[in-house]
Amino acid sequence: MRRPHRAAADRENLSRLVRLSKILRYLGGSARSAGFVGAALLLAGCAGEQPRPDIILVSIDSLRADHLGCYGYRPETSPFMDQLAAEGVRFENAISTTSWTLPSHAALFSGLYDSTHGLTDDGQRLAQDVLTIAEVPREGGYHTAGFFGGPFLHPTFGLDQGFDVYRSCMTATMEAVSDDDVRQGLELDGHPSHGDVTSPRTLEEVTLWADTQVQRPFFLFLHLWDVHYDYIPPREYVELFDPDYDGDLTVEGFSTNPAISQQMARRDLEHLIALYDGEIRFTDDHLRLIFDALESRGLLDNALTVVTADHGEEFFEHGGKGHRRTLFDEMIRVPMIVHWPGRVSAGSVIQDQVRLIDIMPTLAAAAGLEWDLEIQGRDLSPLLQGSSMPAVPSLSELFVDGESLRALRTGDRKLLQKGATVPSWLYQLDADPREMQPLLINEIEGPVQTELAKALELRARLGLDQSAPVELDDDLRERLEALGYLDN
Ligand SMILES: [Zn+2]
């Protein structure tokens, strides 16, 4: 049954003032007050000729694009996502801002590059001044709900901003959803998140929400965790992808498991990849069940869905495993599928390079929410409607072991730079898609540094460089480290 929209007047005045003042700060204060008035009117009104869509954003952790059927993978890992792609638009070249969970979700949520939103270390939380993908629709009258399966999405890290409902679907530990409960939750015995299985609980929680809390229009965010290592799909999914394996590889403790190394036998590596594929299929099957649950409650009749991932995964293509190590394409090229029946051309494939940071403004525009904000992400509506857009590069960054790594990717070239040292590596992606043959460039100043300077300049202009990050306290940090949360 269709429920009435939440009226702005029903919301608490103080809360609304806080949110509006946040937008005012974000817009640059009184100097941009004309823009603020326009934004406020649009956010408060939002009257469109067509009913505003319900919006569903799905982020599948650690899902590299080239392991999905619709991206050309042969084992049948993703029949449901393939169906969404066949009925919607698939972006062939969607690029993440980094190769690990926390900054990439901050970028997805803010439309900002990592050096601009500033959440690049697991000792920080997202600055309150960042306007997020949930705050914008909530301000526009949307009901906002988020369900997450991994620890970096926990409210401790600040990604819950703007959600009316924000619920953990982790079953191992850290189930508490309020900051005050985190410490208590961490005291519970349980397994580290790497061994957690969260999709079934996500299905349960979303179904419960759909039965008891949903209001329309809604913005629903799903973070599905099971593709993340350790790869431990149920037995039937192992049978699907590697029925003949008779070796003794075990994948528990993936990140420190010495059996999973560059020296491992080829057959064991094939099995490892089959287990990853099994987790993708397990997740795809649960995504279908979640959508079935929404559909049977009439909640998909006007829905815009985007499916993407925070980053990819490496299987020793460049000498390592897992993620948060490099910025090669197996790390940063992610799926992006837009499903919007009747509004986008079914089965379209767009080759233009797009970015994870483009999703936030694209969804806001689809909801009729437009404002005079400066972010790096772009509304992709023209591409979705079959028009063209000027090409822009994509900046990806990684800060690890005290060093920075940056990649600037255009459609057919990628420039990789470590700190401010020479040489940089240039890859010709059209001739060398696996990034094996770099050209060395002995210049420091160049396009990477230019793009970085622009990102930092925007950070300063938005005042985000002055918002103090909240440090994890020592006790929480210790507990997270003990559970292995701060190493992935
Ligand atoms: Zn992740």
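Here is a walk through this predicted model, from the chain as a whole to its core, its sheets and one loop residue.

Let's start with the overall picture. The chain folds into 15 helices and 16 strands. Of its 488 residues, 49% count as buried. If you consider the contacts in the chain with a separation of 6 or more, 68% of them come from residues 24 or more positions apart.

Next, step into the interior. In soluble globular proteins, nonpolar side chains tend to be buried together. Here, the largest nonpolar core has 112 residues, and Val-58 and Leu-363 are those with the most contacts inside it. Helix H10, residues 266-296, gives the most to this core, contributing 10 residues. Val-58 is a good place to pause: leaving aside its neighbours within four places in sequence, Val-58 is in contact with Leu-222, Leu-224, Leu-287, Val-306 and Val-307.

The other residue named with Val-58, Leu-363, takes us to helix H12, where Leu-363 is one of the buried residues. Helix H12 spans residues 359-366, and 7 of its 8 residues are buried, so this helix is largely enclosed by the rest of the structure. The buried residues are Ile-359, Met-360, Pro-361, Thr-362, Leu-363, Ala-364 and Ala-366. What do they pack against? Their surroundings are made of strand S1 (54-60), helix H4 (101-110), helix H6 (135-139), strand S6 (303-308) and helix H13 (381-384). As you leave H12, look for Gly-368 just after the helix, which takes a positive phi of about 75°.

Strand S6 leads us on to strand S10, since 4 bridges join S6 to S10 and the two run antiparallel. Val-306, already met as a contact of Val-58, has Val-338 as its bridge partner in S10. Strand S10 is also joined to strand S2 (residues 89-95) by 2 bridges, again with an antiparallel run. In that pairing, Arg-90 stands opposite Ile-337. Strand S10 itself, residues 336-339, is covered on both faces: Met-336 and Val-338 are buried on one side, and Ile-337 and His-339 are buried on the other.

Further along the chain you will find an open sheet of 5 strands, in the order S12-S13-S14-S15-S16, with antiparallel pairing. Strands S12 (394-400) and S16 (439-441) stand at the edges with a single partner strand each, so one side of each is left without a neighbour in the sheet. On average, neighbouring strands of this sheet are turned by 20° against each other, direction ignored. Within the sheet, 5 bridges join S13 (residues 403-409) to S14 (residues 413-418), and Lys-418 in S14 is the bridge partner of Leu-405. Helix H14, residues 447-461, lies across S12, S13, S14 and S15, running at about 105° to S13.

Finally, let's visit a loop. Asp-242 sits between helix H9 (235-241) and H10. Is Asp-242 buried or partly exposed? Asp-242 has 19 other C-beta atoms within 10 Å, and a residue needs 20 or more to be buried, so Asp-242 counts as partly exposed. Leaving aside neighbours within four places in sequence, Asp-242 is in contact with His-271 and Ala-274. Asp-242 and Ile-273 are 31 residues apart in sequence, and their C-alpha atoms are 9.4 Å apart in space.

Technical notes
Residues are numbered from 1 along each chain as its sequence is written. This is a predicted model: local features need pLDDT of at least 70, side-chain atom pairs count only at pLDDT 80 or more; totals for chains, interfaces and linings use all residues. A nonpolar core is a set of buried Ala, Val, Leu, Ile, Met, Phe, Trp, Tyr and Cys residues joined through C-beta atoms within 7 Å. A residue is buried if 20 or more other C-beta atoms lie within 10 Å of its own, exposed if 12 or fewer, and partly exposed in between; C-beta atoms are placed from the backbone. Two residues are in contact if their C-beta atoms, placed from the backbone, lie within 7 Å. Two strands pair if DSSP finds at least two bridges between them. Axes are lines fitted to C-alpha atoms, for helices over the stretch in contact, and angles run from 0 to 180 degrees between N-to-C directions.
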